[in-house]
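Here are my notes on the model you asked me to look over. Please keep the structure open while you read.

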Amino acid sequence: MLKKEVNDLLTQTGPGTPMGELFRQYWMPALLAEELPADDCPPVRVKLLSERLIAFRDSAGRYGLIDEFCAHRGASLWFGRNEEGGLRCAYHGCKYDVTGQCIELPAEPDNSSLCRRIKLTAYPLVRVGDVLWAYMGDPAKQPPLPEFEFALVPSTQTYTSKRWQECNWLQALEGGIDSSHVSWLHSAGLRSDPLFKGSKGNEYNMKDLKPFFEVVESGGGLFVGARRNADEDHYYWRITPWVMPNFTMVPPRADHPVHGHFWVPIDDENCWVFTYDYHPVRDLTPTELQAMKDGHGVHNQYVPGTYRPLQNKDNDYMMDRDAQKRGETYSGVRGIAMQDASLQESMGPIVDRSRERLVAADAGIVKARQMLRKAAMALRDEGKTPPGVDPAHQRIRSVSIVLPKEESFMEGCRDAIAVRPGVPQTSV
Ligand code: FES
Ligand SMILES: [Fe+2]
């Protein structure tokens, strides 16, 4: 349970809010690289942390992320012409480069200094892997580029999708931290989904519906260990890393690709869910890649031409009560991503956490909220750089493993939780 002030603090990420400032310390996934596929391609509207921006790729292939609205009289630059090294407002022809600098002001006399003095808000936008990352904070504190493994492995080993989710980022993130729901909500998917099925771990998952949670702080966030019974002498552990503020990674199953999410605030009532799937040491097979593109695993299908899920709240997520009765799905909603999204959106745009009744299995969520709050306060009051900014904190992996009962999961997983190039994930 959270007091209203704390809930507000954690859920509000606009400019000037403590959590908004916290988010602005990190590189954030802003777009998929596929959204700006070529030099001088159409610009894309981007709303991030409640700021309305325009992303474009100029004639020289440089990426720009600038204020959506023209400095002249405020027209949206989404209507602009992207040509000859800049984005030109379609209204009266003001032109901006990727740094937001006005480079032409046609309505002014030739020697006007006004043009040089006009600069739109602009943020660096860079490609790492299949994602374009934005840094929206103080330029003097810009951190090194992200080093999450999914973005660094060769492109043949990784796939990222994104979807719009119609709720606050925090309740979406909390679904990524809480792995106790898997044995319920996703139970049918463990048996049937091509990107999940066939692992020994699934059997443990299904046999023990009451995992015990142990949460350990990492440099950049948490390792949330879910312990289930394996046999008389062993436990089956699933280790979910959370890297502050909004990166989670699902523990692997057999040799399937490993996946996880970034939960990126669009504004306080919407978020982007960037979903990655990669294998540390081998190419994704054509079958796996096709399954991801078809919306299996943690991906989803779309309303054509958009990043809105095909199953969404306007069509009740295509709820199928008969499939539920037949045991094909647990909730009646098809697909792991939309099973999560449907329930998280059902809580309302920003869930009222003063009314919740947390249980033991929510230990990871409780700890994550405490750490977010503490980091936001330390940043505000002491200017302290939060955990997770340092790329060393990002070089981590999720793990699934069977350990002797007497062994602590952090001891048993010491090597497995680190990125080791050329070494596969530790998985059961
Ligand atoms: S509003 Fe953009 S040039 Fe006039
Ligand atoms: Fe889930």
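The points below go through a sheet, a loop residue, a helix and the cavities.

1. **Status of the model.** This is a predicted model. Please read every point below with that in mind.

2. **The sheet.** Start with the open sheet of four strands. Its strand order is 2-3-4-9, and the pairing is antiparallel. Strand 2 and strand 9 (122-123) are the edge strands, since each pairs on one side only. As general background, strands of a sheet pair through backbone hydrogen bonds, and the pairing can be parallel or antiparallel.

3. **Strand 3.** Now find residues 51-57, which make up strand 3. Is this strand mostly covered or mostly open? It is mostly covered, with six of its seven residues buried.

4. **Strand 2 against strand 3.** Strand 2 covers residues 44-48 and runs antiparallel to strand 3. Five bridges join the two. Trace two of the pairs yourself. Val44 has Ala55 of strand 3 as its bridge partner. Arg45 stands opposite Ile54 in strand 3.

5. **The first turn to check.** Strand 2 and strand 3 form a hairpin with two residues between the strands. Which residue in this hairpin takes a positive phi? Leu49 does, with a value near 50°.

6. **Strand 3 against strand 4.** Strand 4 spans residues 63-67. Five bridges join strand 3 to strand 4, and the two run antiparallel. Here Leu53 has Asp67 of strand 4 as its bridge partner. This hairpin has five residues between its strands. Gly61 sits in the turn and has a positive phi of about 85°.

7. **Glu68.** Look next at the loop between strand 4 and strand 5 (81-83), where Glu68 is placed. Why does Glu68 count as buried? Its relative accessibility is 3%, so Glu68 falls under the 20% cut-off. What does Glu68 touch, leaving out residues up to four places away in sequence? The list is Arg45, Arg52, Leu53, Ile54, Ala75, Ser76 and Leu77. Arg45 and Ile54 in that list are the residues that stand opposite each other across strand 2 and strand 3.

8. **Helix 1.** Move to residues 4-11, which form helix 1. Its buried residues are Val6, Asn7, Leu9, Leu10 and Thr11. What do they pack against? Their partners are helix 2 (18-23), helix 5 and helix 12 (363-382).

9. **The largest cavity.** How many cavities of 30 Å³ or more does the structure hold? There are four. The largest encloses about 250 Å³ of space. Its lining has 22 residues, and Gly175, His181, Val182, His186 and Val250 lie nearest its centre. Helix 5 (169-177), strand 15 (234-243), strand 17 (258-267) and helix 11 (336-346) each supply at least two lining residues. By class, the lining has eight nonpolar, nine polar and five charged residues.

10. **The second largest cavity.** This one has a volume of about 90 Å³. It is lined by 16 residues. Nearest its centre lie Tyr26, Trp27, Phe148, Gly388 and Gln394. Which classes make up this lining? It has twelve nonpolar residues, four polar and no charged. Set that beside the lining of the largest cavity, which has five charged residues.

Methods:
Residues numbered from 1 in each chain as written. Chains lettered and ligands numbered in written order. Predicted model: local features only at pLDDT ≥ 70, side-chain atom pairs only at ≥ 80, totals over all residues. Heavy atoms only, no water. Buried < 20%, exposed > 50% of the residue type's maximum accessible area, 1.4 Å probe, protein only. Pairing = 2+ DSSP bridges. 1 Å grid on protein atoms, 1.4 Å probe; cavity = no way out; pocket = protein on both sides within 12 Å on 5 of 7 lines; lining within 4 Å. Points joined across faces, edges and corners; volume = space filled by probe spheres on them. Nonpolar A, V, L, I, M, F, W, Y, C, P; charged D, E, K, R; others polar. Contact = heavy atoms within 4.5 Å.
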